[in-house]
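Me: I have a new structure in front of me. Please show me how to read some of its features.

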Amino acid sequence: MTALSRRALLTAGSLAAAGLAGCDGIIASGGANNSAQGSAGSLLKSKLDLPGRFQAPLPIPPVLKPVRTDGTTDYYEITQKVAQAEILPGVSTTVWGYNGIFPGPTVVSQAGRRTVVTHRNELPVPVSVHLHGGKVAPEHDGYPTDLIMGTGPHSGHSGRMTTGPRDYVYGLDQPAATLWYHDHRMDFTGPQVYRGLAGFHLIRDDLEESLGLPDGDRDIPLMITDRAFEADGGFRYPSVDPSLANTPGVTSDYVSGVLGDCILVNGAPWPVLEVAAARYRFRILNASNARRYELSLDEGATFVQIGSDLGLLERPVRRKTIEIAQAERYDVIVDFSGFPPGRQITMRNGHGRGGTADVMRFVVTRTASDDSRIPDKLAAREQLSPDQAVAERQIVFARGGGEKNGMTLWTVNGKPFTEDYIVARPKLGTVEKWTVRALNVEHPFHIHLAGFQILNSAQQGWKDTVNLDNGGKAELLVKFAGYRGKYVLHCHNLEHEDMMMMANFEVV
Ligand code: C2O
Ligand code: CU
């Protein structure tokens, strides 16, 4: 879509939102309280002074070591707990973290080997762990009501409840890719991810290894999030019930999404990374609840995209800007070799204003040798064609179709999520053509288990998440492979997801 027609749609979106404002104050893109173009949601402002930009060094999440390994499997352990972090200088922030850190530790799996992650939950609330982008059996997929119980009281749960440690077994019969793991608790995913429950899970394979891409300390994951802070340094989030024990949801001004005013990359505000004048690989993930970014680099630097959500592209694609919705991943190479030491290259967000228009900075500090390459041919990936589709379906993400605690819900095909309602029953091993549409505001569509390719789009490769502009649609070829069973699809605006914009599908 051209920039012009997108803007026209955004305007239509704010008009539609204005029409709805009477019920409970929905504010959509372009709305008066919204400072982020292209993101559904309302801005939440920090109650303390935010630090200057490009001061904090970029943290790199530690790679988790297996506790044991055998012929076929690597075993890991993670404890989810409350901890203190110094995110803003001199300020202590309470986080809920995997091993007490935000982002959580990075898990690195080798394709074809099994990975078992044992999660312990020392948080006061129930959790569910989802490996986003993973080809995982349904009982290990982090279904929203398949919970590991917490240490505190809570109510209103109906699914399977585990007390004590819980093993998640990942077959990972899939190519090298940048996945991430995050909380998926029914009704409370938004606030629990916001408090810090998100980390990278990379899959590597021999093909990727053979390409000669930048690696080692020149292969860096970048998790971009936005947050707001309370005066006492805590994360600020408009939960109806801040204990997250019983009542789900956010206050009425934020039902379209929560947008923070402080951009964090790997948990640091507007950080800076010192780089050599060489090629770097950045695995960019937008782990924000509601914010979308249009990333660019100044000083004439560009991104060379080598991978999408589910792994390498066939060929590299040069991009001046990257439009990245929540949960999408862009695997890119940035070549700093043309820059002299001392040069600063800033990553900006074309959808932001003020502080949210900046993301992070790179400073070239030294020359270095570089034997990395960007081959013209990256990976031979299966190309789906529309004639393979054995069924066609329509999925509509919109507002209305039910109420909860006096608030209008977000729905899929007019129905709020229930454990029983199944929107589609695709057959294992088949390809279907799905037309997914968004009404009222933007919605990033995400489906578990199944990868897809987007028809008629500049976005290439295998994906699990696609942004839909307000009023927009995407035509997807979706391949259902790996496992039979019940999984979810949902909007990855986490406030929408928590207000029921989710549905089951069952692979039969
Ligand atoms: Cu990233 Cu169902 O989630
Ligand atoms: Cu949505």
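Reply: What follows takes up a sheet, a metal site and two loop residues. This is a predicted model, in which local features need pLDDT of at least 70 and side-chain atom pairs count only at pLDDT 80 or more, while totals for chains, interfaces and linings use all residues. Residues are numbered from 1 along each chain as its sequence is written, chains are lettered from A and ligands numbered from 1 in the order in which they are written, and side-chain values use heavy atoms, with hydrogens and water left out.

Me: Which strands are at the edges of the open sheet of five strands?

Reply: Strands are DSSP runs (E, at least two residues), numbered from the N terminus, and two of them pair if DSSP finds at least two bridges between them. Here the order is β18-β26-β25-β20-β23, with mixed pairing. The edge strands, β18 (272-277) and β23 (321-324), each pair on one side only. Strand β20 (residues 293-297) pairs with β23 in the antiparallel sense over four bridges, and Ser296 has Thr321 of β23 as its bridge partner.

Me: Which residues coordinate the copper ion (ligand 2)?

Reply: Donors are N, O and S atoms within 2.8 Å of the metal (3.2 Å for Na, K and Ca); water is not among the atoms, so sites may look incomplete. In this model His443 (ND1), Cys491 (SG) and His496 (ND1) coordinate the copper ion (ligand 2) at 2.0 to 2.1 Å. Their spacing in sequence is H-x47-C-x4-H.

Me: Is Asn266 buried or exposed?

Reply: Buried means under 20% relative accessible area, exposed over 50%, and partly exposed in between (1.4 Å probe, protein chains only). Asn266 is buried, at 2% relative accessibility. Asn266 also has a positive phi of about 50 degrees, although it is not a glycine. Asp187 is buried too, with a relative accessible area of 13%, and its phi is near 75 degrees.
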